[in-house]
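I opened the notebook to record what I looked up, beginning with charged side chains and going on to helix packing and two single residues.

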Amino acid sequence: MPQRQQVKDTPLLVVALIACLLMSLGAWLRIGPASPGDAIPGICLPSPAEWDIIPVWSWAINTFTILILTLGTILYGRYYNSIKGARNILAIVFPLMTASDPYLMVSLGTPTLLCAASLAIWWILGSTFRSENATQAIFVVATVIALGTMIQYAFLILIPVTLVNLIFLKIFRWREIGAFIMGLVAPYWVGVGLGLLPLDSFHLPTPHHVLLANLEPGDTVPVLVGTGFAILIGLLIGLNSTIKLYAGNSGVLALNLTIAVTGLGCVAAIFLDYTNLEAYLTTLYMTVAVQIAHLFGLWRVPRPRLVLSLFGLFYIILYILTIAT
(Lines give C-alpha, C1' and ligand atoms only; values in the text may rest on other atoms or scores of the structure.)
Protein backbone atom coordinates (compact mmCIF):
# COMPACT_ATOMS: atom_id res chain seq x y z
CA MET A 1 0.00 0.00 0.00
CA PRO A 2 1.44 3.42 -0.88
CA GLN A 3 2.64 5.74 1.82
CA ARG A 4 0.04 8.17 3.07
CA GLN A 5 0.08 11.55 1.48
CA GLN A 6 0.23 14.26 4.12
CA VAL A 7 -1.37 17.58 3.26
CA LYS A 8 -0.26 19.77 6.14
CA ASP A 9 -1.35 23.09 4.77
CA THR A 10 -2.39 24.98 7.86
CA PRO A 11 -3.19 28.22 5.97
CA LEU A 12 -5.56 26.29 3.66
CA LEU A 13 -7.23 24.71 6.67
CA VAL A 14 -7.63 28.08 8.39
CA VAL A 15 -9.05 29.64 5.23
CA ALA A 16 -11.52 26.76 4.84
CA LEU A 17 -12.78 27.03 8.42
CA ILE A 18 -13.09 30.82 8.21
CA ALA A 19 -14.96 30.45 4.92
CA CYS A 20 -17.31 27.95 6.55
CA LEU A 21 -18.07 30.33 9.41
CA LEU A 22 -18.63 33.25 7.03
CA MET A 23 -20.89 31.10 4.83
CA SER A 24 -22.88 30.07 7.89
CA LEU A 25 -23.22 33.69 9.02
CA GLY A 26 -24.23 34.74 5.52
CA ALA A 27 -26.87 32.01 5.44
CA TRP A 28 -28.33 33.26 8.69
CA LEU A 29 -28.37 36.89 7.59
CA ARG A 30 -29.82 36.06 4.17
CA ILE A 31 -32.29 33.28 4.99
CA GLY A 32 -32.95 33.52 8.70
CA PRO A 33 -34.44 30.74 10.80
CA ALA A 34 -35.59 28.52 7.92
CA SER A 35 -35.40 24.74 8.21
CA PRO A 36 -36.82 23.07 5.11
CA GLY A 37 -35.82 19.58 6.20
CA ASP A 38 -37.70 19.67 9.49
CA ALA A 39 -41.31 20.52 8.73
CA ILE A 40 -42.18 16.81 8.72
CA PRO A 41 -43.04 15.50 12.20
CA GLY A 42 -41.65 12.32 13.67
CA ILE A 43 -43.62 9.31 14.80
CA CYS A 44 -44.69 10.75 18.13
CA LEU A 45 -42.73 13.92 18.99
CA PRO A 46 -42.47 17.41 17.47
CA SER A 47 -39.94 17.88 14.69
CA PRO A 48 -36.84 20.03 15.33
CA ALA A 49 -38.56 22.91 13.53
CA GLU A 50 -41.06 23.04 16.40
CA TRP A 51 -38.54 23.05 19.22
CA ASP A 52 -38.59 26.11 21.42
CA ILE A 53 -35.05 27.35 20.74
CA ILE A 54 -34.21 31.00 20.18
CA PRO A 55 -33.45 31.14 16.42
CA VAL A 56 -30.06 32.79 16.72
CA TRP A 57 -29.02 30.24 19.34
CA SER A 58 -30.26 27.40 17.12
CA TRP A 59 -28.04 28.73 14.30
CA ALA A 60 -25.02 29.11 16.59
CA ILE A 61 -25.46 25.65 18.13
CA ASN A 62 -25.84 24.09 14.70
CA THR A 63 -22.70 25.74 13.34
CA PHE A 64 -20.72 24.71 16.41
CA THR A 65 -22.06 21.16 16.11
CA ILE A 66 -20.91 20.92 12.49
CA LEU A 67 -17.37 21.75 13.63
CA ILE A 68 -17.62 19.24 16.50
CA LEU A 69 -18.77 16.55 14.06
CA THR A 70 -15.73 17.31 11.93
CA LEU A 71 -13.45 16.87 14.92
CA GLY A 72 -15.34 13.75 16.01
CA THR A 73 -14.83 12.09 12.65
CA ILE A 74 -11.12 12.96 12.65
CA LEU A 75 -10.74 11.45 16.13
CA TYR A 76 -12.70 8.38 15.03
CA GLY A 77 -10.31 7.83 12.14
CA ARG A 78 -7.28 8.25 14.38
CA TYR A 79 -8.61 6.10 17.24
CA TYR A 80 -9.51 3.14 15.01
CA ASN A 81 -6.80 3.90 12.42
CA SER A 82 -9.51 3.54 9.80
CA ILE A 83 -9.35 6.74 7.73
CA LYS A 84 -6.19 6.74 5.68
CA GLY A 85 -5.99 10.38 4.64
CA ALA A 86 -4.35 13.30 6.41
CA ARG A 87 -6.62 14.70 9.09
CA ASN A 88 -6.58 18.16 7.51
CA ILE A 89 -8.53 16.80 4.52
CA LEU A 90 -11.68 16.14 6.54
CA ALA A 91 -11.44 19.47 8.30
CA ILE A 92 -11.24 21.26 4.94
CA VAL A 93 -13.74 19.28 2.88
CA PHE A 94 -16.68 18.45 5.15
CA PRO A 95 -17.41 21.95 6.56
CA LEU A 96 -17.24 23.54 3.10
CA MET A 97 -19.50 20.92 1.52
CA THR A 98 -22.05 21.32 4.30
CA ALA A 99 -21.92 25.12 4.35
CA SER A 100 -22.43 25.21 0.57
CA ASP A 101 -26.11 24.53 1.24
CA PRO A 102 -27.28 27.49 3.36
CA TYR A 103 -30.33 25.57 4.55
CA LEU A 104 -28.11 23.08 6.36
CA MET A 105 -26.55 25.87 8.43
CA VAL A 106 -29.34 28.18 9.55
CA SER A 107 -30.73 26.10 12.42
CA LEU A 108 -30.21 22.95 14.45
CA GLY A 109 -32.32 20.30 12.82
CA THR A 110 -32.58 16.85 11.31
CA PRO A 111 -29.61 17.15 8.87
CA THR A 112 -27.16 17.81 11.70
CA LEU A 113 -28.84 15.47 14.18
CA LEU A 114 -28.92 12.59 11.70
CA CYS A 115 -25.22 13.11 11.00
CA ALA A 116 -24.47 13.19 14.73
CA ALA A 117 -26.42 9.94 15.23
CA SER A 118 -24.53 8.32 12.34
CA LEU A 119 -21.17 9.34 13.79
CA ALA A 120 -22.19 8.08 17.24
CA ILE A 121 -23.16 4.75 15.69
CA TRP A 122 -19.79 4.51 13.90
CA TRP A 123 -18.03 5.03 17.23
CA ILE A 124 -20.17 2.44 19.02
CA LEU A 125 -19.81 -0.17 16.28
CA GLY A 126 -16.09 0.50 15.94
CA SER A 127 -15.17 -1.94 18.72
CA THR A 128 -17.61 -4.69 17.75
CA PHE A 129 -15.79 -6.24 14.79
CA ARG A 130 -15.91 -10.03 15.28
CA SER A 131 -16.97 -9.50 18.89
CA GLU A 132 -18.25 -12.62 20.62
CA ASN A 133 -21.01 -10.63 22.30
CA ALA A 134 -22.03 -7.24 20.89
CA THR A 135 -25.57 -7.16 22.27
CA GLN A 136 -25.02 -4.18 24.56
CA ALA A 137 -23.52 -2.04 21.80
CA ILE A 138 -26.24 -3.03 19.34
CA PHE A 139 -28.94 -2.22 21.89
CA VAL A 140 -27.48 1.28 22.37
CA VAL A 141 -27.26 1.81 18.59
CA ALA A 142 -30.90 0.82 18.13
CA THR A 143 -31.95 3.10 20.98
CA VAL A 144 -30.21 6.05 19.31
CA ILE A 145 -32.07 5.29 16.09
CA ALA A 146 -35.42 4.90 17.87
CA LEU A 147 -35.03 8.25 19.64
CA GLY A 148 -34.31 9.86 16.28
CA THR A 149 -37.39 8.36 14.62
CA MET A 150 -39.53 9.94 17.30
CA ILE A 151 -38.72 13.41 15.94
CA GLN A 152 -38.22 12.76 12.21
CA TYR A 153 -38.85 9.73 10.03
CA ALA A 154 -35.56 10.29 8.15
CA PHE A 155 -33.83 8.36 10.95
CA LEU A 156 -35.58 5.21 9.71
CA ILE A 157 -32.90 4.90 7.03
CA LEU A 158 -30.42 3.95 9.77
CA ILE A 159 -32.32 0.73 10.48
CA PRO A 160 -31.48 -1.12 7.23
CA VAL A 161 -28.05 0.56 7.16
CA THR A 162 -27.19 -0.82 10.60
CA LEU A 163 -28.48 -4.31 9.79
CA VAL A 164 -26.25 -4.42 6.70
CA ASN A 165 -23.32 -3.17 8.75
CA LEU A 166 -23.78 -6.01 11.23
CA ILE A 167 -23.00 -8.37 8.37
CA PHE A 168 -19.77 -6.58 7.47
CA LEU A 169 -18.75 -6.44 11.13
CA LYS A 170 -19.41 -10.21 11.37
CA ILE A 171 -21.85 -9.86 14.25
CA PHE A 172 -25.07 -10.57 12.37
CA ARG A 173 -26.38 -13.17 14.82
CA TRP A 174 -29.78 -13.91 16.34
CA ARG A 175 -28.63 -12.58 19.70
CA GLU A 176 -27.57 -9.24 18.23
CA ILE A 177 -30.70 -9.01 16.08
CA GLY A 178 -32.80 -9.54 19.19
CA ALA A 179 -30.87 -6.78 20.98
CA PHE A 180 -31.42 -4.50 17.99
CA ILE A 181 -35.18 -5.07 18.02
CA MET A 182 -35.33 -4.53 21.78
CA GLY A 183 -33.36 -1.30 21.42
CA LEU A 184 -35.82 -0.02 18.81
CA VAL A 185 -38.79 -0.84 21.01
CA ALA A 186 -37.39 0.22 24.41
CA PRO A 187 -37.70 4.06 24.08
CA TYR A 188 -41.29 3.77 22.88
CA TRP A 189 -42.12 1.21 25.57
CA VAL A 190 -40.67 3.39 28.34
CA GLY A 191 -42.29 6.55 26.96
CA VAL A 192 -45.74 4.96 26.80
CA GLY A 193 -45.31 3.18 30.13
CA LEU A 194 -44.41 6.37 31.96
CA GLY A 195 -47.17 8.31 30.25
CA LEU A 196 -44.73 10.59 28.46
CA LEU A 197 -46.01 9.52 25.04
CA PRO A 198 -49.82 9.47 24.82
CA LEU A 199 -51.11 6.93 22.35
CA ASP A 200 -52.90 9.65 20.37
CA SER A 201 -49.53 11.29 19.66
CA PHE A 202 -48.50 8.38 17.43
CA HIS A 203 -49.00 8.59 13.70
CA LEU A 204 -47.47 7.10 10.59
CA PRO A 205 -44.92 9.41 8.98
CA THR A 206 -46.25 10.97 5.79
CA PRO A 207 -43.71 12.46 3.36
CA HIS A 208 -44.44 16.05 2.32
CA HIS A 209 -43.00 18.11 -0.49
CA VAL A 210 -40.62 19.87 1.87
CA LEU A 211 -37.86 20.65 -0.60
CA LEU A 212 -40.20 21.83 -3.32
CA ALA A 213 -42.25 23.90 -0.91
CA ASN A 214 -39.36 25.74 0.73
CA LEU A 215 -36.80 26.20 -2.02
CA GLU A 216 -37.12 28.45 -5.03
CA PRO A 217 -36.00 27.08 -8.42
CA GLY A 218 -32.87 29.19 -8.25
CA ASP A 219 -32.03 27.65 -4.87
CA THR A 220 -32.75 24.08 -5.93
CA VAL A 221 -30.36 23.85 -8.88
CA PRO A 222 -27.10 24.57 -6.94
CA VAL A 223 -28.21 22.22 -4.15
CA LEU A 224 -28.89 19.43 -6.64
CA VAL A 225 -25.61 20.08 -8.45
CA GLY A 226 -23.66 19.88 -5.20
CA THR A 227 -25.52 16.75 -4.18
CA GLY A 228 -25.04 15.05 -7.53
CA PHE A 229 -21.33 15.88 -7.62
CA ALA A 230 -20.88 14.55 -4.08
CA ILE A 231 -22.67 11.30 -4.95
CA LEU A 232 -20.59 10.84 -8.10
CA ILE A 233 -17.18 11.37 -6.52
CA GLY A 234 -18.21 9.45 -3.41
CA LEU A 235 -19.14 6.39 -5.48
CA LEU A 236 -16.04 6.57 -7.68
CA ILE A 237 -13.54 7.10 -4.86
CA GLY A 238 -15.37 4.74 -2.50
CA LEU A 239 -15.28 1.86 -4.97
CA ASN A 240 -11.58 2.27 -5.62
CA SER A 241 -10.78 2.77 -1.92
CA THR A 242 -12.62 -0.42 -1.01
CA ILE A 243 -10.56 -2.36 -3.54
CA LYS A 244 -7.37 -0.88 -2.07
CA LEU A 245 -8.43 -1.54 1.52
CA TYR A 246 -9.52 -5.10 0.69
CA ALA A 247 -5.86 -6.10 0.52
CA GLY A 248 -5.18 -4.70 3.99
CA ASN A 249 -6.53 -5.16 7.49
CA SER A 250 -10.01 -6.76 7.50
CA GLY A 251 -11.08 -4.74 10.54
CA VAL A 252 -10.18 -1.44 8.84
CA LEU A 253 -12.07 -2.57 5.75
CA ALA A 254 -15.14 -3.44 7.84
CA LEU A 255 -15.16 -0.05 9.58
CA ASN A 256 -14.89 1.76 6.26
CA LEU A 257 -17.68 -0.33 4.83
CA THR A 258 -19.94 0.85 7.68
CA ILE A 259 -19.28 4.43 6.57
CA ALA A 260 -19.74 3.56 2.90
CA VAL A 261 -23.02 1.78 3.59
CA THR A 262 -24.26 4.82 5.52
CA GLY A 263 -23.48 6.96 2.49
CA LEU A 264 -25.23 4.54 0.14
CA GLY A 265 -28.23 4.55 2.47
CA CYS A 266 -28.37 8.34 2.20
CA VAL A 267 -28.17 8.12 -1.59
CA ALA A 268 -31.05 5.64 -1.65
CA ALA A 269 -33.06 7.85 0.72
CA ILE A 270 -32.43 10.92 -1.44
CA PHE A 271 -33.83 9.17 -4.50
CA LEU A 272 -36.76 7.56 -2.67
CA ASP A 273 -37.57 10.58 -0.50
CA TYR A 274 -36.26 13.39 -2.69
CA THR A 275 -38.66 16.00 -1.33
CA ASN A 276 -36.94 15.60 2.05
CA LEU A 277 -33.48 15.72 0.50
CA GLU A 278 -32.05 18.22 2.99
CA ALA A 279 -32.45 15.79 5.89
CA TYR A 280 -29.85 13.39 4.45
CA LEU A 281 -27.32 15.82 2.98
CA THR A 282 -25.08 16.49 5.99
CA THR A 283 -24.62 12.76 6.59
CA LEU A 284 -23.96 12.19 2.90
CA TYR A 285 -21.34 14.94 2.87
CA MET A 286 -19.65 13.41 5.90
CA THR A 287 -19.33 10.01 4.22
CA VAL A 288 -18.06 11.61 1.00
CA ALA A 289 -15.50 13.64 2.97
CA VAL A 290 -14.16 10.38 4.40
CA GLN A 291 -13.79 8.99 0.86
CA ILE A 292 -11.94 12.12 -0.24
CA ALA A 293 -9.60 11.70 2.73
CA HIS A 294 -8.94 8.16 1.50
CA LEU A 295 -8.12 9.55 -1.92
CA PHE A 296 -5.21 11.51 -0.48
CA GLY A 297 -4.19 8.67 1.82
CA LEU A 298 -4.17 5.82 -0.68
CA TRP A 299 -2.99 7.59 -3.83
CA ARG A 300 -0.32 10.12 -4.66
CA VAL A 301 -2.48 13.05 -5.78
CA PRO A 302 -0.51 15.59 -7.84
CA ARG A 303 -0.59 19.15 -6.50
CA PRO A 304 -2.90 18.30 -3.58
CA ARG A 305 -3.24 21.89 -2.37
CA LEU A 306 -4.48 23.00 -5.77
CA VAL A 307 -6.92 20.08 -5.95
CA LEU A 308 -8.31 20.90 -2.51
CA SER A 309 -8.51 24.61 -3.32
CA LEU A 310 -10.45 23.97 -6.53
CA PHE A 311 -12.75 21.55 -4.75
CA GLY A 312 -13.49 24.10 -2.02
CA LEU A 313 -13.95 26.87 -4.56
CA PHE A 314 -16.51 24.77 -6.42
CA TYR A 315 -18.69 24.45 -3.33
CA ILE A 316 -18.22 28.09 -2.39
CA ILE A 317 -19.50 29.06 -5.85
CA LEU A 318 -22.54 26.81 -5.35
CA TYR A 319 -23.16 28.59 -2.04
CA ILE A 320 -22.94 32.01 -3.70
CA LEU A 321 -25.36 30.94 -6.44
CA THR A 322 -27.82 29.72 -3.82
CA ILE A 323 -27.58 32.69 -1.49
CA ALA A 324 -27.71 35.26 -4.30
CA THR A 325 -31.06 34.13 -5.70
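**Salt bridges**

I counted 2 salt bridges, and I note at the outset that the model is a predicted one. I kept in mind that side chains of opposite charge can pair when their charged atoms come close.

I looked up the pair R173 and E176, whose side chains meet in a salt bridge with an N to O distance of 2.9 Å. I then looked up R175, which forms a salt bridge with E176 as well, the closest N and O atoms being 3.9 Å apart; this falls within the 4 Å cut-off for a salt bridge. I therefore entered R173, R175 and E176 as linked in a network of salt bridges.

Which of these residues are buried and which are partly exposed? I found E176 to be buried, because its relative accessibility is 0%, where buried means under 20%. R173 is partly exposed, with a relative accessible area of 26%, and R175 also counts as partly exposed, at 45% relative accessibility.

**Helices α5 and α7**

I turned next to helix α5 (residues 135-151) and helix α7 (residues 174-193), whose axes come within 7 Å and cross at roughly 35°. I noted that α5 passes α7 in a right-handed crossing. On the α7 side the contact includes R175 and E176, together with A179, F180 and M182 among others, and on the α5 side T135, I138, F139 and A142 are among the residues that take part. Sorted by class, the residues of this contact of α5 with α7 divide into 14 nonpolar, 4 polar and 2 charged.

**Helices α4 and α11**

I looked up how helix α4 (residues 110-125) lies against helix α11 (residues 278-298), and found that they pack at an angle of about 40°, with their axes 7 Å apart. I entered α4 and α11 as oblique to each other therefore, and their crossing as right-handed. The contact is made by T110, P111, T112, L114, C115, S118 and W122 of α4, which meet E278, A279, Y280, T282, T283, M286 and T287 of α11. For the contact of α4 with α11, I recorded 7 nonpolar, 6 polar and 1 charged residue.

**Helices α1 and α12**

I then took helix α1 (residues 10-31) and helix α12 (residues 304-324), which pack at an angle of about 5° with their axes 11 Å apart. That angle makes α1 roughly parallel to α12, since angles under 35 degrees count as roughly parallel. Among the residues that make the contact are L12, A19, L22 and M23 of α1 and R305, L308, S309 and Y315 of α12. By class, I have 11 nonpolar, 2 polar and 2 charged residues for the contact of α1 with α12.

**Two single residues**

I stayed with helix α1 to look up S24, which has its place there. Is S24 buried or exposed? I entered S24 as buried, because its relative accessible area is 0%. With its neighbours within four places in sequence left aside, S24 is in contact with W59, T63 and M105.

Last, I looked up G228, which is found in helix α9 (residues 217-246). G228 counts as partly exposed, at 36% relative accessibility. I also noted that G228 and V267, 39 residues apart in sequence, are 9.6 Å apart in space from C-alpha to C-alpha.

Technical notes. Residues numbered from 1 in each chain as written. Predicted model: local features only at pLDDT ≥ 70, side-chain atom pairs only at ≥ 80, totals over all residues. Heavy atoms only, no water. Axes fitted to C-alpha atoms, helices over the stretch in contact; angles between N-to-C directions. Helix = DSSP H or I, 4+ residues; strand = E, 2+ residues; numbered from the N terminus. Parallel < 35°, antiparallel > 145°, perpendicular 65-115°, else oblique. Contact = heavy atoms within 4.5 Å. Nonpolar A, V, L, I, M, F, W, Y, C, P; charged D, E, K, R; others polar. Buried < 20%, exposed > 50% of the residue type's maximum accessible area, 1.4 Å probe, protein only. Left-handed = near helix turned anticlockwise from the far one by under 90°.
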